[in-house]
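Biologist: Could you take me through one part of this model in some detail? I would like to start where the ligand sits and then see what else you can show me.

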Amino acid sequence: MIEKTKLIPDGKKELKKLPIVDYTDSKYLYYPVTSSRCSDGETCVIGGQFVKVGEVIGTRKGAFFEQPMHATVSGEVMGNEKHVDQSGKLVDCLIVKNDFKYELHESIKDRTEEEINALTKEDFVNIVKETSLVGLGGSAFPTYIKLSTEDQIDVVMANGVECEPNLISDYALMMTNPKAVIEGLIYAMKASGAKKGIIAIKKKYKAIEERLAFDLKEYSNYDIKIVKVGNYYPQGWELLAIKNALGIKIPQGELLSKYGVLNFNVSTLASIFAAVKHRLPVLERYISLSGDGIKNQKFRARIGTLMTELIENVGGYKDIDIPKVLILGGPMMGVNVSQDDIVMTHTTTSLIVQNQEELFEEPCIHCASCVYSCPVEIQPVQIMNAYKIRDKDMIKNLEVNKCIECGLCSYVCPSKIHLTETMRKAKRFASK
Ligand code: SF4
Ligand code: SF4
């Protein structure tokens, strides 16, 4: 039996209907000093110091870039504690005690339209760099690096496909604040010199299409179109989204800018809008709790909030006698975490809590479903076999680096083999 799967249950129907609960008043906020892309970092404030919203409280340091850390409340610096970050690791976090006044730092003030119209490409890049904007679709790639391309850009794509099941953050943003996405797209077009913009959404997102189309009427002097792509997985993967929304086929590993394209997640564009218009870093995001082990709920929560507070807010876990599986992110690409002491960072948009099922891996039955389902056309089963015998050359020849960790091979495998996890391990092994 060969099964090729692109249609997977998206688990969003009920989540979409839920009201958004505001949870922006935590007493303590926690700011990881490092991140998945910045293995080093330091703070520039001391215990007892008073900080304001948007104030720089430290710097995260990556291999080739640095990112300022910003306070998302005003209040007193309390010290440091370890909590789990988006990558599932226990990391050092700076604590700020909220004074509930939300006093803005002196640097946070709106730009006038005249000031915005006078911004150069270099200005846009610097604004995005200083506000530490990163890819909010999950990549956490520094946005300023994308924007600073010297290539000629013809079109900027706002990626609102959000194909990963259970994720609802971009959907909630586009429903509640489509203008921020449109304005952010216009700023990205101005910064890159692109004449065209498109907003890619799923075909079935009729309500979003209506909301965006309504607000786009105000911006008729810009060439911006809504393009609908299929309801498949992983349609939101940028190369697939660009191919289906723009008809441009970009080979894996090549820069999009070489093909005249820039792609930004819709939440990233909204963050560009806030940074340019209001001089604000990312202060909050939409986040959901879902799964059969917890009451499902959507929140608007502040960066730095502890996930344990959100869990408590919905009444804790259901069926407490049943062990839980916690997944940070979506069920296909998310990270399994062993504790819920998680800090909400820029890219935290979902925690899935599942009642644990006894699922045992069976031997491979050579059905080839994993091979036929893989969107980047590699052979997960062969890579797994090469990894078992630690054959580095074979793993490289099988192009494990093309794997986008979409999770489809594991999903489709009738033997319940954790292929995606093996792909991750094989990639790490081959790169040593
Ligand atoms: S996780 Fe990697 S190997 Fe598996 S289907 Fe996705 S891209 Fe292919
Ligand atoms: S690993 Fe799973 S999906 Fe792939 S061939 Fe074996 S049984 Fe089939």
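Modeller: Happily; what follows begins with the ligand shell and then turns to a helix pair and some strands. Please keep in mind that this is a predicted model. Around ligand 1 there are 16 residues, and the closest are Cys374, Cys403, Cys406, Leu408 and Cys409. Two elements each give two or more residues to this shell, namely helix H14 (408-412) and helix H15 (419-431). Of the elements, H15 gives the most, with three residues. Sorted by class, the shell around ligand 1 holds twelve nonpolar, three polar and one charged residues.

Now to the helix pair. Helix H3 (residues 121-130) packs with helix H6 (residues 178-192) at an angle of about 130 degrees, and their axes are 8 Å apart. That angle is why H3 counts as oblique to H6. The crossing of H3 past H6 is left-handed. On the H3 side the contact is made by Lys121, Phe124 and Val125, and on the H6 side by Tyr187, Lys190 and Ala191. By class, that contact has four nonpolar and two charged residues, with no polar ones.

Finally, the strands. Strand S7 (residues 75-84) pairs in the antiparallel sense with strand S4 (residues 50-51) over two bridges, and there valine 51 has glycine 75 of S7 as its bridge partner. S7 also pairs with strand S8 (residues 90-98), again in the antiparallel sense, over nine bridges. In that pairing histidine 83 stands opposite valine 91 of S8. The hairpin of S7 and S8 has five residues between the strands, and glycine 88 takes a positive phi near 90 degrees in this hairpin.

Conventions: Residues numbered from 1 in each chain as written. Chains lettered and ligands numbered in written order. Predicted model: local features only at pLDDT ≥ 70, side-chain atom pairs only at ≥ 80, totals over all residues. Axes fitted to C-alpha atoms, helices over the stretch in contact; angles between N-to-C directions. Helix = DSSP H or I, 4+ residues; strand = E, 2+ residues; numbered from the N terminus. Parallel < 35°, antiparallel > 145°, perpendicular 65-115°, else oblique. Left-handed = near helix turned anticlockwise from the far one by under 90°. Contact = placed C-beta atoms within 7 Å. Nonpolar A, V, L, I, M, F, W, Y, C, P; charged D, E, K, R; others polar. Near = placed C-beta within 6 Å. Pairing = 2+ DSSP bridges.
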